[in-house]
Amino acid sequence: MKVLANDGISESGVKALEAAGYEVSTTNVAQEQLVNYINTNDIDVLLVRSATTVRKDLIDACENLKVIGRGGVGMDNIDVDYARSIGRHVINTPAASSQSVAELVFAHLFGGVRFLHDSNRNMPLDGDTKFKALKKNYAKGIELRGKTLGIIGFGRIGREVAKIGLGIGMKVIASDKFVGEADIKVEFYNGQYINVNIATEPMEDVIKQADFITLHVPAQNDYVIGDKEFGMMKDGVGIVNAARGGVINEVALVKALESGKVAFAGLDTFESEPTPAIQVLMNGRISLTPHIGAATNEAQDRIGTELAEQIINILG
C-alpha cells in the first residue's frame with residue numbers, strides 16, 4: 001500500500017505507517033500534476049492539509065484511491081460527501097490540534113490587552129529614541145482575569161479555550177447551535193482538577209455580555225460576525241478568529257476597529273487566504289498570524305499518529 005502525504009506528515013506518522021508495511025511519500029506534488037502522480041505511482045492513500053484540494057474531478061480520475069485524509073479539523077478543501085458516496089474513506093483528526101489552537105487564541109488575547117502586537121512593531125523603529133513616549137502609549141493595558149470570555153462554537157476547540165479561560169479566572173460563556181451544555185474538566189499539573197458545567201446561550205446574548213469574543217465555527221456560507229453583530233457588542237471588546245476565514249466580515253471589522261467599538265482583533269485566518277487584504281495586514285490594532293493554529297510540534301505529532309492509526313484500521 002502506498003501513501004502520499006502531499007502537504008507533509010510528522011515523522012512519528014511516517015514511522016507508524018512504515019512499521020505497518022506502508023510505503024510513504026512526502027513529495028509535494030503541484031495541484032495540476034496530482035492526478036497523474038497518483039495514477040502513475042498507484043497511490044492508495046492521499047493525505048492533505050489545507051494547501052491541497054481534493055475535488056470530484058480528482059476523485060473520479062484516481063480510481064485506485066481508497067482513503068483521503070485531512071490532517072486537521074476542517075475538510076472544506078475535500079468533496080467529502082461525494083467521496084463517501086462512491087465508497088472512498090475520508091478521515092480527519094478533529095481532536096489533535098485543539099490544544100494548540102486554544103493556546104494561540106490566548107497568545108492573541110494576552111498580546112492584545114498589553115499591546116504586544118503593536119509594541120513589537122514600534123520598538124525596533126523608535127525604542128531607542130522614543131522610549132518614554134512608547135512606555136506611555138502602552139501603559140494602559142488590562143488584565144484578562146475577571147473578564148467575560150464569549151466563545152462562539154463550543155466543540156472541541158471551543159472547550160479547550162474554555163479550560164484556559166477558566167484556569168486564569170475568566171467568566172466563560174458560550175454559544176453553539178448544536179450543544180446545549182458541556183462539562184469542562186480543567187486539569188492541573190499534579191493530577192488535581194475541577195469540573196465546571198457551562199450551559200450555552202443564544203449568540204446574541206453572548207455577544208452582548210462578552211469583554212472578549214473568540215470564534216470556533218466551521219466554514220460558513222455567510223458571515224457569523226458583521227455590522228449588526230459588532231453593533232451589539234460592548235465598546236472596547238476584543239475579538240479573535242482562529243477558526244476559518246470568512247466567518248468575520250473584515251470590512252466591518254476594520255470599521256469597528258477605527259470607531260473604537262472593537263479595541264483589538266487577533267486573526268489567524270483570513271477571508272482571502274493566502275493573500276489577506278492590505279487594510280487588514282496594515283491595521284495596527286490587529287494581531288496577525290498566518291493560519292498557524294495547529295502548527296505546533298505536539299499537534300503535528302498527534303495528527304500524524306492519528307492519521308496512521310485510522311489508515312491501518314481501515315486498510316489493515
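This is a short walk through a few local features of the structure above, which is a predicted model.

Okay, let's start with the strands. Have a look at β4, residues 67-70. On one side of that strand you have Val67 and Gly69, on the other Ile68 and Arg70, and all four are buried, so both faces of β4 are covered. Yes, that does include the arginine.

Who are the neighbours of β4? One of them is β3, residues 45-48, which pairs with β4 in the parallel sense over four bridges. If you want a landmark there, find leucine 46: it stands opposite isoleucine 68 of β4. Another neighbour is β5, residues 89-92, again parallel to β4 and again joined to it by four bridges. The landmark for that pairing is arginine 70, which stands opposite asparagine 92 in β5.

Now follow the chain through this region. From β4 it passes through helix α4, residues 80-85, and on to β5, and that β-α-β crossover is right-handed. The β3 to β4 step goes by way of helix α3, residues 56-61, and that β-α-β unit is right-handed as well.

Just ahead of β3 there's a small backbone oddity. Aspartate 42 sits in the loop between α2 and β3, and its phi is near 50 degrees, a positive value in a residue that isn't glycine. Its relative accessible area is 46%, so we call aspartate 42 partly exposed. Histidine 291 does a similar thing: phi near 55 degrees, positive, and not a glycine. You'll find histidine 291 in the loop between β13 and α13, and at 31% relative accessibility it counts as partly exposed.

While we're on the backbone, which two residues are joined by a cis peptide bond? Those are glutamate 273 and proline 274, with omega at about 5 degrees. Proline 274 is in the loop between β12 and α12.

On to aromatics. There are three aromatic pairs by the count used here, and I'll show you one: phenylalanine 212 with phenylalanine 264. The ring centres are 6.2 Å apart and the planes are at 45 degrees, which makes it a tilted pair. Phenylalanine 212 is in β10 and phenylalanine 264 in β12, 52 residues apart, so to speak a link between distant parts of the chain. Are these two rings buried or exposed? Phenylalanine 212 is buried at 3% relative accessibility, and phenylalanine 264 is buried too, at 6%.

Compare that with an aromatic on the outside. Tyrosine 189, in the loop between β8 and β9, has a relative accessible area of 80%, so it's exposed. Together with Phe188 and Ile194 it makes a nonpolar surface patch of about 390 Å².

Last topic: salt bridges. How many turn up in the whole structure? Nine, and I've picked three to go through.

The first one I picked is glutamate 204 with lysine 208, at 3.5 Å from N to O. Both are in helix α9, four residues apart, which is about one turn of the helix. Glutamate 204 is partly exposed at 39%, and lysine 208 is partly exposed at 41%.

Next, aspartate 227 and lysine 255, where the closest N and O atoms are 3.4 Å apart. This pair links distant parts of the chain: aspartate 227 is in helix α10 and lysine 255 in helix α11, 28 residues apart. Both ends are partly exposed, with aspartate 227 at 46% and lysine 255 at 47%.

And then lysine 261 with aspartate 235, at 2.9 Å from N to O. Lysine 261 is in the loop between α11 and β12, aspartate 235 in the loop between α10 and β11, so this bridge ties together parts that are 26 residues apart in sequence. What about cover at the two ends? Lysine 261 has a relative accessible area of 18%, and since buried means under 20%, it counts as buried. Aspartate 235 is at 65%, which is over the 50% cut-off, so that end is exposed.

That's my tour; questions, please.

Technical notes:
Residues numbered from 1 in each chain as written. Predicted model: local features only at pLDDT ≥ 70, side-chain atom pairs only at ≥ 80, totals over all residues. Heavy atoms only, no water. Patch = residues over 30% accessible without salt bridge, like charges linked within 9 Å, V, L, I, M, F, W, Y side chains within 5 Å. Areas by Shrake-Rupley, 256 points an atom, 1.4 Å probe, with all protein chains shown as cover. Salt bridge = Lys/Arg side-chain N within 4 Å of Asp/Glu carboxyl O. Helix = DSSP H or I, 4+ residues; strand = E, 2+ residues; numbered from the N terminus. Buried < 20%, exposed > 50% of the residue type's maximum accessible area, 1.4 Å probe, protein only. Pairing = 2+ DSSP bridges. Right-handed = clockwise from strand over helix to strand, strands pointing away. Phe/Tyr/Trp six-rings, centres within 6.5 Å; stacked < 30°, edge-to-face > 60°.
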